[in-house]
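Please find my notes on this entry below. They are set out as numbered points for someone who has not looked at it before.

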Amino acid sequence: MRLQTPLILTDSSLCLCVFVPLCFIPIPLNNLLNLSRLESALQTLMETRRGTSLPTIYYFDSLISTNQTAWELLEQGEPSGTVVIAGEQTAGRGQWGRQWQSSQGGLFLSKIVDINLRVTQQAHLSISSAWGIATILRDRSCPVQLKWPNDLILNQRKLGGILTETKISGQLITQAVIGVGLNWENPVPEIGINLQTFFAHSPTPPTIQSLEFLAALVLQGLDLGIQHLSDTKVKKMLTGYNQLLTCMGKPIQIGDQMGEIIGISEQGNLRVGLYPKTEIGFSQEIDQQPGTINIGYS
């Protein structure tokens, strides 16, 4: 990751200028974003990860979709590690083409990633990203859990989600855009929760003080997840993911058969043990691919 020039802050115009070769791009800032906090949060991200530098950051008041803009920037030659952040999305997307509510006050970002991942492991990209973010937030006393395959859960409500889109060459995924939507202080549906509501009811002081610092933590989480896609680390990631899975042990019906969720497989599929269950386990186990079954939030 590389920030070609540190943030250019212009108090008179209230703009964030991100430098790219031959030009400066002025992007109006949303009034929810504080310039000094943004700079401080990004510096903290760099300082806590020795040997790395800040990513190129594009910020927009409003976008159709941060993922869409990230792909456009990639086509224009922006490098791996580039990040796009929006104050709101007018047509944010979730998994399986669902619309994602993206009102002001939330965190909506996408990151460009060069990668070398087998197509058969495509599910790992969303799973590792969700696990990485959850792990980092849990280190900040936010007891985030995971709903298979890509949702972040807090107090049994949806805190955020991941949308990964990929470019494939042969049998390998060579490039990806990882999109993250996370509720900070934005309005949420009944099944949702934002972090400000969580902190307001927490007996301890908030551990995340600003939207800008939250963005820095999410970027750390994405990097952590990507690092655990290697063959030597993926088993550790999958074990950690299973430990945070909210639906573990939940009864579920698959067709005309009843069973129980027992985790995720090495391919990232949902593992279901079919009844009857004996003292030594289930007599039969089946896998369900992402998008083939809805397990709900309760």
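1. What span should the 16 residues of α3 have at 1.5 Å a residue, and how far apart are its end C-alpha atoms? The model is a predicted one. The expected span of α3 is 22 Å, and its end C-alpha atoms lie 23 Å apart, which agrees.

2. Helix α3 covers residues 123-138. Of its 16 residues, 14 are buried, so α3 is largely enclosed by the rest of the structure.

3. H124 is a residue of α3. Its relative accessible area is 2%, so H124 counts as buried. Leaving aside residues up to four places away in sequence, H124 touches L229, V234, M237, L238, E266, Q267 and G268.

4. Helix α5 can be checked in the same manner. Its 17 residues should span 24 Å at 1.5 Å a residue, and the end C-alpha atoms of α5 are 24 Å apart, which agrees. Burial is reported for 15 of the 17 residues, so α5 is largely enclosed by the rest of the structure.

5. The largest nonpolar core has 66 residues, and the members that touch the most others are L109, L137, L182, L195, I208 and L214. Helix α5 (residues 211-227) supplies the largest share of this core, 10 residues. Domain 1 (6-14 + 32-242) and domain 2 (248-286) both contribute residues, so the core lies between them.

6. A second core, separate from that one, has 10 residues, among them W71, L73, V84 and A86.

7. I208 is one of the members of the largest core that touch the most others. Not counting residues up to four places away in sequence, I208 touches L137, R140, C142, W184, L195, F199, F213, L214 and L217.

8. The model has two aromatic pairs. In the pair F198 and F199, the ring centres are 5.6 Å apart and the planes meet at 55°, so the pair is tilted. F198 and F199 are both buried.

9. On confidence, the chain has a mean pLDDT of 84, with 81% of its residues at 70 or more. Among the elements of the chain, strand β8 (residues 151-154) has the highest mean pLDDT, 98, and strand β1 (residues 8-10) the lowest, 29.

10. Over residues 1-31, pLDDT stays under 50, and the model has 69 contacts beyond four places in sequence for this stretch. Where pLDDT is low, the predicted coordinates should not be read in detail.

How values were computed
Residues numbered from 1 in each chain as written. Predicted model: local features only at pLDDT ≥ 70, side-chain atom pairs only at ≥ 80, totals over all residues. Heavy atoms only, no water. Helix = DSSP H or I, 4+ residues; strand = E, 2+ residues; numbered from the N terminus. Buried < 20%, exposed > 50% of the residue type's maximum accessible area, 1.4 Å probe, protein only. Contact = heavy atoms within 4.5 Å. Phe/Tyr/Trp six-rings, centres within 6.5 Å; stacked < 30°, edge-to-face > 60°. Core = buried A, V, L, I, M, F, W, Y, C linked by side-chain atoms within 4.5 Å. Domains from an automatic or database assignment. Expected span 1.5 Å × (residues − 1). pLDDT = per-residue confidence, 0-100.
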